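Subject: Structure for your review

Dear colleague,

Please find below the structure that I am handing over to you. My findings follow it, and I would be grateful if you read them with the structure open.

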Amino acid sequence: MEISSKEKTQFFSNSIILPFDRSSFKSESSASKEKQSCCGGIKIFLGALSFVYFAKALSGSYLKSTITQIERRFDIPSSLVGVIDGSFEIGNLLIIILVSYFGAKLHRPRIIGAGCLIMSAGTFLIAMPQFFMGRYQYERFPSTINSTVNTSPCLQDKSQTPLSALEKSQEKTNAGCEKEAGSSMWIYVLLGNLLRGIGETPIQPLGITYIDDYAIEENAALYIGCVQTVAIIGPIFGFLLGSLCAKLYVDIGFVDLDSITLTHKDMQWVGAWWLGYLIAGAISLLAGIPFWFLPKHLPKPQSRKDSSTSSEKSKFITEDNKDQYESYQQQVKIAEMAKDFLPSLKNLLGNPVYILYLCASIIQFNSLIGMVTYKPKYIEQQYGQTSSKTNFVIGLIFFAVAFGIFSGGLIMKKFKVNILGAAKLSLGSSFFGYLLLLSLFAMGCENSDVAGLTVSYHGTKGMTDYEEALFSECNSGCSCSKNDWDPICGENGVTYISACLAGCQASNGTGKNTIFFNCSCVGTLTSPSQSYSAVMGPCQKGDECPKMFLYFLVVSVITSYTLSVGGTPGYILLLRCIKPHLKSFAVGIYTLAIRVLAGIPAPVYFGVAIDTTCLKWGSKRCGGRGACRLYDSSALRYVYLGLTLVLGTVSIFFSVAVLWVLRKSSSPQDEILSANGEKGSCGTKSRKDNFANTDHLIQTTYWPEKETRL
């Protein structure tokens, strides 16, 4: 009688069979489950990490978009705004080493989730000053405020102004001084940004290395490229959100908007900067939720288990003892982990490729961080654009950045670029990007004609003594203050700092529609005997400026794409030229160096340099220098672009050194094999003869084939 297949299976399962058969059957069934679990788990983590990158990039870019708003709202100079911007990096600095070293040995997803909660709390704290400080006070002549009394801007006699108006103005000033002297609310913005930096710390070193540990090797570069691409989508929405909030008045919901005499085109306009932080904080809070439900470890792909790319410990631990070893590892205390800290740091600092790439990145990030931080200010002052339009344009430019980063990861995967090719791609991207940036020097606008600042009251350009030049014969009979900033545009196309300094004798209308008449200084350039009128707000830039702004946008898009193509290859170069068990630590040290030597100082010294180009400083109600009202366009262009290009050029020299070290340490046979998509070498001259000498550079014995299987 024949035995059915089912009975055969039952018979053999109940019989004594060889352990080899049982284990092979078990491994065959578990392999498919493990593959599905690995792929599904890493993709879930990839999606969660991408959303966190989006959230942190959105809040960070929104801060950049509100730089000018914060400067005007708190009446502070650019250098102090740079300190506020750099406080994020200071917060990151406080715990980056601890998180990157010890965090890799703990529950990485939950640490990232806790960081998101802290980041959300810091973002909410930034918005708090709006609810505790008084309403925004801007400079306006009394006749422009909704009132039934029209006074002469040129106060030849103090009695021309009704006593009640003077008293009310003085009372408001005194009240504002008492409130202002009692608090410096910008400190809350600084502390909130500091808290944001602390919360953001674990996301990059722990998230990227988690993907690199559990993703299939040929997909690692693409996954990292996807994460960085989503991180660039965050700034797009951040700047677009900044554009939307910049159109809304700062005290919206607290004051009657009909009584506001400013428009979003006015230089004193402050948008609802605080509103975007509430939105960004809520997004950061939601982004951290999935990480509390993700596992500490994911099953590694079968290709990594079977190849020599597995971690160092698997080479010395037999299969029978792995369970005991893992159990022992879980009992290791933090104090015992700390024993390996100094040797690990020494190993990293002895790697020439890592050190040279770190130096190149530090200098390049100085260039990029300074450029991005003050790009809104540059566009506003150089091309006369509003804050809302500026943020919208920068948001669109970031589409090119996102596409460039994704393109870099796609190139690495499609062409199986090895580590030497990654270094070349990163270098070429930087070289051509900064070469394109050089052309922006020719795409600037001339200074606006501002009487007493850029031109004299008689039309002569090239002013020297700005303080004395504010007064002229045409306004000598007026009681004007040189500290006022309430610009008007005369019929002659010249901007005047105030109606009083323009010599205007009468006004008609209220609020935004005020028109000034009999302005003696307006007629000085043509016929002094005639009287001319002026309207509220500064005059527009020259006719050539809109065309230059269009050229600037085109070049900025191309430059942004070119520079960002090298982002993913550079990151892969960083990961591949270090020992596998030092990845988290190396990325943490890399991030620490970028924060300390680029993120903190760059906004500060860029701000100090930009402040040197200021032509007209504002004055606080209680005395002292406030925010800058007008910049020298030509000087601003040379300082802003010059600093960016000088730093970028120095970074290129370090990138050349990285490429030279890689070429010198790679044998011709390795380069031929790498070109064919086979085994490559990051830093060995001969795998057998020089094995002992390669430990200080790159341990390819731990990680062969990884750089060629991207």
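Which side chain meets that of Lys 547 in a salt bridge? In this predicted model, the partner is Glu 544, with a distance of 3.9 Å from N to O. Lys 547 is partly exposed, as its relative accessible area is 42%. Glu 544 also counts as partly exposed, at 49% relative accessibility.

Further salt bridges

A search of the whole structure gives seven salt bridges. Side chains of opposite charge can pair when their charged atoms come close. One of the seven joins Asp 85 to Lys 64, whose closest N and O atoms are 2.9 Å apart. Asp 85 belongs to helix α4 (residues 78–102) and Lys 64 to helix α2 (residues 19–65), so this pair ties together parts that are 21 residues apart in sequence. Asp 85 and Lys 64 are both buried.

Another salt bridge is formed by the side chains of Asp 251 and Arg 135, at 3.3 Å from N to O. Asp 251 is found in the loop between α10 (217–247) and α11, while Arg 135 is in the loop between α6 (129–132) and α7 (163–182); the pair therefore ties together parts that are 116 residues apart in sequence. Are these two residues buried or partly exposed? Asp 251 counts as buried because its relative accessibility is 1%, which is under the 20% cut-off. Arg 135, with a relative accessible area of 31%, is partly exposed.

The sheet

Please turn next to the open sheet of five strands, which has the order β2-β1-β5-β4-β3 and antiparallel pairing. Why is one side of β2 and of β3 left without a neighbour in the sheet? β2 (495–496) and β3 (506–508) stand at the edges and each has a single partner strand, so one side of each has no neighbour there.

The pairings can be followed strand by strand. Strand β1 (residues 488–490) runs antiparallel to β2, and two bridges join them. Ile 488 has Tyr 496 in β2 as its bridge partner. At the other edge, β3 pairs with strand β4 (residues 515–519) in the antiparallel sense over three bridges. Here the bridge partner of Asn 508 is Ile 515 in β4. β4 is also joined by three bridges to strand β5 (residues 532–536), again running antiparallel. In that pairing, Phe 516 has Ala 534 in β5 as its bridge partner.

The surface

Which residues form a nonpolar patch on the surface? They are Phe 51, Leu 117, Leu 285, Leu 286, Ile 289, Trp 292 and Phe 293, and together they have about 700 Å² of accessible area. Ile 289 lies in the loop between α11 (273–287) and α12 (302–306). Its relative accessible area of 42% makes Ile 289 partly exposed.

The protein as a whole

The protein contains 26 helices and seven strands. It has 710 residues, of which 54% count as buried. About 31,700 Å² of the protein is exposed, and carbon and sulfur atoms supply 62% of that area. Among contacts between residues at least 6 apart in sequence, 79% join residues at least 24 apart.

With kind regards

Definitions and conventions: Residues numbered from 1 in each chain as written. Predicted model: local features only at pLDDT ≥ 70, side-chain atom pairs only at ≥ 80, totals over all residues. Heavy atoms only, no water. Patch = residues over 30% accessible without salt bridge, like charges linked within 9 Å, V, L, I, M, F, W, Y side chains within 5 Å. Areas by Shrake-Rupley, 256 points an atom, 1.4 Å probe, with all protein chains shown as cover. Salt bridge = Lys/Arg side-chain N within 4 Å of Asp/Glu carboxyl O. Helix = DSSP H or I, 4+ residues; strand = E, 2+ residues; numbered from the N terminus. Buried < 20%, exposed > 50% of the residue type's maximum accessible area, 1.4 Å probe, protein only. Pairing = 2+ DSSP bridges. Contact = heavy atoms within 4.5 Å.
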